[in-house]
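Could you open the model in your viewer and keep the selection panel handy? We will take a short walk through a few residues, one selection at a time.

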Amino acid sequence: MSQYQYYEFQAIERPLTKDELEQVRALSSRARISATHFVNEYHYGDFRGDERKLMEQLYDAHLYFANWGSQRLMLRLPTALLPARSAEPYCAEDALACWTRKGHLLLDFTYGEDGGEWDFERSYTLASFTALRTELAAGDLRPLYLAWLSALTRWELEEDVDEDEYTATIEPPVPAGLAQLTGAQQTLADFLHIDPHLLTAAARASGAAPSQTVDKDALAAWIRALPGRDKDTLLLNAALGSAPQPGPALLARHRAASHGTAEPSTATRRRSAAELLDAAHGVRNEHTQQQEQARAQARRAQQQARESHLDHLAENAERSWQDIADLIGQKQSGPYNAAVTLLKDLREVHDRAGTPEEFARRLHDLREQHRGKPSLMRRLTDAGLTAR
């Protein structure tokens with residue numbers, strides 16, 4: 001397969017200036033570039049820019065994937081909305097890195113599968129992930145925990161990991177709502193190839209999803225009570241575009257004031273990687289048993305339906321033979337196929353009734369009557385409907 005790489009950047013907090021646009025345009029002559037967006041696809045060659053520097057200086061979100069299995073999502077948020085100390089417990093090698101630059105926290109989600117085959121039906125766009133910034137800014141740390149689970153998913157597949165390492169490694173704080181991911185979070189879980197059984201096991205220590213419903217009256221009352229200096233600063237920064245969009249920060253502050261903390265609820269006892277992997281194994285077994293039970297139930301339902309169908313044919317055998325004659329009389333491939341199917345069913349009816357000789361006699365008569373129809377004869381022979 002030929003080489004394929006996809007690059008997309010988005011500026012969310014502010015558009016790029018004229019000089020910044022010229023700087024970006026110098027990196028690619030074929031990219032689709034605007035003051036807020038950069039998209040390019042490569043079927044040969046490589047992007048000349050440095051994604052990390054572009055994110056540190058200009059953009060708030062970046063998506064990359066290649067057809068050999070490499071994937072990357074980067075998000076930038078002001079540290080006033082998400083401080084590094086909140087993200088660092090979730091960082092894991094080859095899954096999530098974070099660092100700060102000029103008042104911003106940068107999150108780097110990665111997944112690599114060298115030699116893997118890319119499923120282009122699962123191709124993504126950055127729009128699928130940008131809601132994660134808003135969720136993180138509002139104190140929802142589920143995207144970070146998902147990255148840690150992705151690392152554990154890959155760690156389990158490694159062959160040289162000491163069992164003691166699994167026991168010694170403790171999960172980071174478990175955010176609420178892992179069993180009820182948002183659309184963007186589920187897309188991230190798919191993007192990072194998280195084992196769904198591991199996610200289910202992890203969610204068992206997670207509380208209910210935080211409510212996203214905003215009580216407008218309560219929020220209005222809280223805003224009215226803010227000091228005038230805070231309001232003036234918010235409005236001035238919003239007008240000048242010199243600070244992050246105030247919405248997520250205000251909502252996070254309001255929820256913290258209403259519920260006592262902006263931090264997600266966590267399990268009382270954090271589990272080891274070994275415990276989580278054992279729990280995931282149990283979930284996988286439960287899922288397998290449920291699938292086997294569902295298949296067995298489906299087989300029973302199909303058998304019951306089949307028996308009912310054959311009972312009906314047995315009660316109306318002569319009508320069925322007449323239907324076969326009518327179908328053959330149409331001299332068309334579709335009716336021929338239907339006649340053959342009905343004959344096979346009648347053979348089973350006679351076998352159940354202990355009268356296979358009667359069926360053989362009537363089949364012989366039918367073949368003799370229509371021996372001049374080669375298309376029908378071929379279908380009967382292929383279906384094993386030959387004289388005994």
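The tour goes from a pair of cysteines to a tryptophan.

Please keep in mind that this is a predicted model.

**Stop 1: the cysteines.** Select Cys91 and show its side chain. Which cysteine sulfur is nearest to that of Cys91? The sulfur of Cys98 is, at 3.2 Å. A disulfide needs the two sulfur atoms to be within 2.5 Å, so this pair does not count as one. Cys91 is in no disulfide, Cys98 is in none either, and the structure as a whole holds zero disulfides.

Now colour the two by accessibility. Cys91 is partly exposed, with a relative accessible area of 28%, whereas Cys98 is buried, at 19%.

**Stop 2: the tryptophan.** Next, select Trp99 and display the strand around it. Trp99 belongs to strand S6, which covers residues 96-101. Is Trp99 buried or exposed? With a relative accessibility of 11%, Trp99 is buried.

**Stop 3: around the ring.** Keep Trp99 selected and add its contacts. Beyond the neighbours within four places in sequence, Trp99 touches Arg52, Glu56, Met74, His104, Leu105, Leu106 and Asp108. Pick Glu56 from that group: its side chain makes a polar contact with the side chain of Trp99, at 2.8 Å.

**Stop 4: one distance to draw.** Finally, add Ala84 and draw a line between the C-alpha atoms of Ala84 and Trp99. The two residues lie 15 residues apart in sequence, and the line should read 7.1 Å.

Technical notes:
Residues numbered from 1 in each chain as written. Predicted model: local features only at pLDDT ≥ 70, side-chain atom pairs only at ≥ 80, totals over all residues. Heavy atoms only, no water. Buried < 20%, exposed > 50% of the residue type's maximum accessible area, 1.4 Å probe, protein only. Helix = DSSP H or I, 4+ residues; strand = E, 2+ residues; numbered from the N terminus. Contact = heavy atoms within 4.5 Å. Polar contact = N/O pair within 3.5 Å; in protein donor to acceptor, adjacent residues only side chain to side chain.
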